[in-house]
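Please open the model in a viewer and keep the selection tool at hand. The tour below proceeds stop by stop, each with a selection and a description of what is found there.

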Amino acid sequence: MAMVGLFWIAEGDVYVGAKPSGSAFGVRLAPEGVVALGDGQSGLHLWEDVRALTVADVPVKSLARQVGVVKDLALETVRELALPMGHGRVAEAPAMMTVRVESADGDHELAAYAAAAVGYSPAEADLSRALLSRLTQGAATMATTLAAMAEWGRTWEGGSPRRAEREELLRRWVG
């Protein structure tokens, strides 16, 4: 499993944002179409009907966001040490992104959790948006691009690649 831009690639499956677990929200890019996952948004939008695919509310990495994450982690550690039996506070959920699917039957907004705790680099966010646009440029383009992403996921071993390699992969997939 690895994060590359806004995508979470687990073996041969490609997700926008984090791979969902249980009934959590998520969006999978399957060979047949865009699959909405989670409570209240299940469904399939066939590629042949998808006119545009965009993502809004992308958390972009910034110094303030990084400092905030470190501060929250430090406070949580202090709470755990001071109150080892638990303090009743539930951990905050990751940032939520909106995946917009424009299709022949209307516009749909799907929710997906961001996989990057401190946000995505501006370059990765831009390249990922370009890649999503590329997926809507026709069946052959979508099939070869999605197949390349899935194949990379099946052969990749280890965690997420470093930022420079992630950006290079996105550039290659964008074409």
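Begin with the whole chain in cartoon representation. The model is predicted, and its protein contains four helices and nine strands. Followed along the sequence, these elements come in the pattern β-β-β-β-β-β-β-α-β-β-α-α-α. Switch to a surface representation next: the protein exposes about 9400 Å², of which carbon and sulfur atoms supply 55%. Of the 175 residues in the protein, 38% are buried. If contacts are displayed for residues at least 6 apart in sequence, 60% of them join residues at least 24 apart.

**First stop: the hairpin and its neighbour**

Select residues 13-16 and 26-29, which are strands E3 and E4. The two strands pair in the antiparallel sense, over three bridges. Within this pairing, Tyr15 stands opposite Arg28 in E4. Now add residues 33-37, strand E5, which runs antiparallel to E4 and is joined to that strand by four bridges. Here Gly26 has Leu37 of E5 opposite. The connection between E4 and E5 is a hairpin of three residues.

**Second stop: the open sheet**

Which strands form the open sheet, and in what order? Select E7, E8 and E9: these three strands form an open sheet in the order E7-E8-E9, with antiparallel pairing. Strand E7 (50-56) and strand E9 (106-113) are at the edges and have a single partner strand each, so one side of each lacks a neighbour in the sheet. On average, neighbouring strands of this sheet are turned by 20 degrees against each other, direction ignored. Restrict the selection to strand E8 (residues 96-103) and E9 to find eight bridges in an antiparallel pairing. Met97 can be labelled here together with Ala112 in E9, which stands opposite.

When side chains are switched on for this view, a general point applies. In a regular strand, side chains alternate between the two faces of the sheet.

**Third stop: the nonpolar core**

Which residues have the most contacts inside the largest nonpolar core? Select Phe7, Val16, Leu29, Val34, Trp47 and Trp173, which have the most contacts within this core of 40 residues. Then centre the view on Val16 and show its surroundings. Leaving aside residues up to four places away in sequence, Val16 touches Leu6, Phe7, Val27, Leu29, Val55, Met97, Val99, Ala112 and Leu132.

**Fourth stop: the tryptophan cluster**

Select Trp152, Trp156 and Trp173, which ring pairs link into a cluster. The count of aromatic pairs comes to two. In one of them, Trp152 and Trp156 are stacked, with 5.1 Å centre to centre and 20 degrees between the planes. Is Trp152 buried or exposed? Trp152 counts as buried because its relative accessibility is 12%, below the 20% cut-off. Trp156, with a relative accessible area of 26%, is partly exposed.

Now turn to Trp152 and Trp173. The centres of these rings are 6.0 Å apart and the planes stand at 75 degrees, so the pair is edge-to-face. Colouring by secondary structure places Trp152 in helix H3 (residues 139-155) and Trp173 in helix H4 (residues 163-174), so this pair ties together parts that are 21 residues apart in sequence. Trp173 is buried as well, its relative accessible area being 6%.

**Fifth stop: two loop residues with positive phi**

For the last selection, consider the backbone. Most residues other than glycine have a negative phi. Select Glu11, which is not a glycine and yet has a positive phi of about 55 degrees. Glu11 belongs to the loop between strand E2 (7-10) and E3. Its relative accessibility is 60%, so Glu11 counts as exposed.

Where is Asp57 placed? Asp57 is in the loop between E7 and helix H1 (63-82). Its phi is also positive, near 65 degrees, in a residue other than glycine. With a relative accessible area of 48%, Asp57 is partly exposed.

Technical notes: Residues are numbered from 1 along each chain as its sequence is written. This is a predicted model: local features need pLDDT of at least 70, side-chain atom pairs count only at pLDDT 80 or more; totals for chains, interfaces and linings use all residues. Side-chain values use heavy atoms; hydrogens and water are left out. Buried means under 20% relative accessible area, exposed over 50%, partly exposed in between (1.4 Å probe, protein chains only). Contact means heavy atoms within 4.5 Å. Accessible areas come from the Shrake-Rupley method with a 1.4 Å probe; for residues, only the protein chains shown count as cover. Two strands pair if DSSP finds at least two bridges between them. Rings of Phe, Tyr and Trp (its six-membered ring) pair if their centres lie within 6.5 Å; planes under 30 degrees apart count as stacked, over 60 as edge-to-face and the rest as tilted. Axes are lines fitted to C-alpha atoms, for helices over the stretch in contact, and angles run from 0 to 180 degrees between N-to-C directions. A nonpolar core is a set of buried Ala, Val, Leu, Ile, Met, Phe, Trp, Tyr and Cys residues joined through side-chain atoms within 4.5 Å.
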